[in-house]
Amino acid sequence: MLDIMPRKRTRYYIPAFSPLYDGLSDIAWLILRVTVGASLIPHGMQKLFMAFNGPGVEKFAAGLAGQGFPAPTLMAWLVALTEFVGGTLLAIGLLTRPAALAVFIFMMVAVFAAHMPNGFFWTNKGFEYPLMWGIAALFFLIRGGGAYSVDRAIGREF
């Protein structure tokens, strides 16, 4: 890949911390990826298996229909599978970029179609929460799964 801009070595404000920051950089990537993926899984379980007092796919689809979403049953299944399967794939770092793309798209639809009218704050059902998770997914779409991912272990990545 051609680098247009030469990369500069990071200069830390406290140089003594550089071994710590450099040494933990891959772990930070892992923690974020697992947190993002694992946080989606229970939401998918609510829809797919009615776990954690979840509505199940049928009731979730009815809620989407009530909000005017087209093809609410199809949309409900796509959301549930994106949360459960996509979350699992993100957490383990397998097919990271396609899973992250699905999560990013799903979260942006949630931001603009469901939560935007309620304002920013999540406490008022606003868009801050799905926006944050969507941008976190965008990070993995751009950067991949990182050093401690199944993608890296098998040497294959999109």
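I take contact to mean heavy atoms within 4.5 Å. I keep that cut-off for every entry below.

**Ground rules**

I am working on a predicted model, where local features need pLDDT of at least 70, side-chain atom pairs count only at pLDDT 80 or more, and totals for chains, interfaces and linings use all residues. I number residues from 1 along each chain as its sequence is written, and I use heavy atoms for side-chain values, with hydrogens and water left out.

**Whole chain**

I looked up the secondary structure and found 6 helices and 0 strands; helices (H or I, at least four residues) and strands (E, at least two) are DSSP runs, numbered from the N terminus. Read along the sequence, I get the pattern α-α-α-α-α-α. I find that the C-alpha trace spans about 55 × 35 × 35 Å along its principal axes.

I then checked burial, where buried means under 20% relative accessible area, exposed over 50%, and partly exposed in between (1.4 Å probe, protein chains only). Of the 158 residues, 33% count as buried. I also looked at contacts between residues at least 6 apart in sequence, and 59% of these join residues at least 24 apart.

**Thr96 and Gly93**

Which residues does Thr96 touch, leaving aside neighbours within four places in sequence? I find Arg33, Leu90, Phe140, Gly144, Gly145 and Asp151. I place Thr96 in helix α4, residues 96-115. Thr96 counts as buried because its relative accessibility is 1%.

I moved on to Gly93, in the loop between α3 and α4. Gly93 has 0% relative accessibility, so I note this residue as buried too. Beyond four places in sequence, Gly93 contacts Arg33, Ser149, Val150 and Asp151. I see Arg33 and Asp151 in the contact lists of both Thr96 and Gly93. The C-alpha atoms of Gly93 and Val150 are separated by 5.1 Å, with their positions 57 residues apart along the chain.

**α1 against α3**

I took helix α1 (residues 18-49) and helix α3 (residues 72-92) next: their axes come within 7 Å and cross at roughly 150°. For this I use lines fitted to C-alpha atoms, for helices over the stretch in contact, with angles from 0 to 180 degrees between N-to-C directions. Angles under 35 degrees count as roughly parallel, over 145 as roughly antiparallel, 65 to 115 as roughly perpendicular and the rest as oblique. I therefore enter α1 and α3 as roughly antiparallel.

The crossing is left-handed, meaning that the near helix is turned anticlockwise from the far one by less than a right angle. I sorted the residues of this contact into 16 nonpolar, 5 polar and 3 charged. Here Ala, Val, Leu, Ile, Met, Phe, Trp, Tyr, Cys and Pro count as nonpolar, Asp, Glu, Lys and Arg as charged, and the others, Gly among them, as polar.

**α1 against α5**

I find α1 and α5 packed at an angle of about 130°, with their axes 11 Å apart. This pair is therefore oblique, and the crossing is left-handed. On the α1 side I list Trp29, Leu32, Arg33, Thr35, Val36, Ser39 and His43, and on the α5 side Tyr129, Trp133, Ala136, Phe139, Phe140 and Arg143. By class, I have 8 nonpolar, 3 polar and 2 charged residues.

**The nonpolar core**

I define a nonpolar core as a set of buried Ala, Val, Leu, Ile, Met, Phe, Trp, Tyr and Cys residues joined through side-chain atoms within 4.5 Å. Which of the 24 residues in the largest one touch the most other members? I find Val36, Ala76, Leu90, Val103, Met107 and Phe140. The elements giving two or more residues are α1, α2 (56-66), α3, α4 and α5 (128-143). I credit α4 with the largest share, 7 residues.

From that set I followed Ala76, which touches Val57, Phe60, Ala61 and Leu64, not counting residues up to four places away in sequence.

**Val79, then Ala153**

I find Val79 in helix α3, buried at 7% relative accessibility. With residues up to four places away left out, Val79 touches Lys47, Phe60 and Phe106. Phe60 is thus on my lists for both Ala76 and Val79.

Is Ala153 buried or exposed? I note it as exposed, with a relative accessible area of 67%. Ala153 is found in helix α6, residues 150-154.
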